[in-house]
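Trainee: Please take a close look with me at one place where two helices pack, and then follow the chain outwards from there. I would like each term to come with its cut-offs.

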Amino acid sequence: MKFETPAKTNPIDNLKVVGQPIHRIDGELKTTGRAMYAYEWHDPNLHYAYGYPLGSSIAKGRIKSMDVAAAEAAPGVMSVVTTLSVGELGKGKLNTAKLFGGDEIQHYHQAIAVVVAETFEQARAAASLIKVEYQEESGTFDLAEAKMSAVKPKDTDGAPPDTAVGDFDGAFYAAAVSMDETYTTPDQSHSMMEPHASIALWHGDELTVWTSSQMIDWWRSDLATTLGIDKEKIHMMSPFIGGGFGGKLFLRSDAVLAAIAAKATGRPVKVALPRPLLVNNTTHRPATIQRIRIGADKSGMITAIGHESWSGDLPGGGPETAVMQTRLLYAGENRMTAMRLAELNLPEGNAMRAPGEAPGLMALEIAIDEMAEKLGLDPIEFRILNDTQVDPEKPERPFSHRNLVGCLKLGAERFGWNDRKKPGARREGNWLIGLGVAAGFRNNLVMPSGARVRLGNDGVVNVETDMTDIGTGSYTIIAQTAAEMMGVAVDKVGVHLGDSRFPISAGSGGQFGANSATSGVYAACVKLREAVAMRLGFNSDDVVFENGEVRSGNRSVPLAAAAGAEGLVGEDTMEWGDLTDTHQQSTFGAHFVEVGVDLATGETRVRRMLAVCAAGRIINPITARSQVIGAMTMGVGLALFEELAVDTRRGFFVNHDLASYEVPVHADIPYQEVIFLDETDPMSSPMKAKGVGELGLCGVSAAIANAIYNATGVRVRDYPITLDKVIGDLPEVA
Ligand code: MOS
């Protein structure tokens, strides 16, 4: 099915199941430990071996030699495969850095060997016995230094690095009020709970891989390319994922090493990336330096807005797209954005937790706060004044639906924004208290997504799609979609995900999963409904699926009976027409935060948070709320804690474990509230839904920064906002 015209009324609009607060159908499996994650997969008939990876201890250069004799002779060791012994491998289309094979080292902790032994401990012990001789080369590891040599990158996901409208320089120079500031965000690590892990097993030339992947088909294709085998020979499964956050979008070394180790030993081999290796071995969100310039007239109308961003990556990589939201969020006749890319020899930079908008809004939404203050305007008023209902770079393109103003107004009312005082003016005991706000914005992408739906003679509907559930609720919303379409209760739907034998889906990423994957299930259900109607000789135009029955006119048949002995199948893929070209499809939010800053130490504690989201139809308010709460929590991390410390001499992230890379824990997270505006977007899909997970993160960190400013009068423009950046400028208080 191709979605080419705005959705009309369809069976989803009945909202008997869709839109209802249904608890996770996979919740019990998870809370009872029966959900099998990649490394836990266990078949009592198989005799598993354990692979332990070794990472490079230099960032750039070549391996001259590797001595594996001691490792091979160690107890329990079956095989040692090195990057030299395996020779050059292929490189996946979506991989920037190569994952294994050959003598070239492109980044620190690149995989250079896998030791296979009877036990994990034996493999780990033997890996430490491998001696490596390197020929080290000098590299570039410091973005601030490399910024001077940054170049204009090629288009990223079809978007140009630069945009310009009107005369930015002239308008900025002539503006009655203006600001020009530079902000920085550090390198950040996904820090999902479940590390990258795979089990591989060969039967002749056929490979089975249990893994932890957000995108089954991307992984399967790139694993085939890496190993130089036919994709059809790979059966890949990833039914449960303990968090991805973008770190599992692209094939990683665990799957490659497991496949190679299994080949070398003839055994099923488990490989998990040890946490201390994971951070430098995989990808991260690259650091940014962002310069923002805004000019406005005295009334507060933006006349010029400019956003430039510098980031780095390995040769062949791309930029962090931190300027994207600035192209769309606020009005203003004269505009410019630019991304510049420096070549760095740090580990690969790539997508993490709302790439682009998350770090971009960390800068832009402080800048808007600063500009509002210069203008003497309330920051909400300033945003409302500069709202736009059309793409400000291409005014002939309207937004499909945009209610940023509604989010800001409702949030202000619910959060008690009117109680906000001047900076430094509110004190409770040892705490300075402040309120902050930021706009939330994230584009709504759609991806082709397929599904197969089977109706059995027991009346049960089974959905099969290679869609993944990375903790987001995919199982549940897919069950709701099929239940609504086929007129059955949710417990009459079975959902089977994450298996390459199923139709190729959108996968989980870029907050496109929920809307795209349920749309694919919708399309498959339309086919199944037609098959049912045809079998019963019903006119498919007036047929109704309700309460486990199929009705047409005054005839009614139980769905189970319609299935016939052998059942019926519907399969289709949702494809997308040009509604995303003719209309800008985005999601909107307003983030409100109250912080307390310790007036002696400068320590910030977040006290209250509210997110108001406008993201089309909410398919399940429970799973959607959990997504937003998780995202708000990530926003606290990015604002206050998260930073990969770069060793700019040797080229690696020093704090490569969860002890020293700090993410928020329960005690850091206060009262959180989420409100969804009641809306639908018929341009987005037959579901009339949009993504919401990443929206929940976009803007939060700036709201925290703005709240810290309101509490203390200290404006910090370099994340994370640790106490050392605040303490020196705290107001003198008796
Ligand atoms: Mo998300 S960073 O696109 O998995």
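Mentor: Helix α9 passes helix α17 in a right-handed crossing, meaning that the near helix is turned clockwise from the far one by less than a right angle. Helices here are DSSP runs of H or I with at least four residues, strands are E runs of at least two, and both are numbered from the N terminus. The model is a predicted one, in which local features need pLDDT of at least 70 and side-chain atom pairs count only at pLDDT 80 or more, while totals for chains, interfaces and linings use all residues. Residues are numbered from 1 along each chain as its sequence is written, and side-chain values use heavy atoms, with hydrogens and water left out.

The axes of α9 (residues 357-375) and α17 (residues 700-712) come within 7 Å and cross at roughly 35°; such axes are lines fitted to C-alpha atoms over the stretch in contact, with angles running from 0 to 180 degrees between N-to-C directions. From α9, the residues L361, M362, E365, I366, D369 and E373 meet S701, A702, A705, N706 and Y709 of α17, where contact means heavy atoms within 4.5 Å. Sorted by class, this contact holds 6 nonpolar, 2 polar and 3 charged residues (Ala, Val, Leu, Ile, Met, Phe, Trp, Tyr, Cys and Pro are nonpolar, Asp, Glu, Lys and Arg charged, and the others, Gly among them, polar).

Following the chain out of α17, one reaches P720, which lies in the loop between α17 and α18 (724-727). The peptide bond from Y719 to P720 is cis, with omega near -10°, and this deserves a note because most peptide bonds are trans.

Helix α17 also falls within the bounds of a domain assignment, automatic or from a database, that divides the protein into domain 1 (2-35 + 446-579) and domain 2 (391-444 + 585-733). The C-alpha centres of domain 1 and domain 2 lie 35 Å apart, and 34 residues of domain 1 are in contact with 28 residues of domain 2. Between the two domains about 2,300 Å² is buried, 57% of that area coming from carbon and sulfur atoms; buried area is the accessible area (1.4 Å probe) that two parts lose on being put together, summed over both.

For a second helix pair, consider α12 (residues 474-486) and α13 (residues 513-536), whose axes come within 9 Å and cross at roughly 30°. That makes α12 roughly parallel to α13 (angles under 35 degrees count so, over 145 as roughly antiparallel, 65 to 115 as roughly perpendicular and the rest as oblique). The residues of the contact between α12 and α13 divide into 12 nonpolar, 2 polar and 1 charged.
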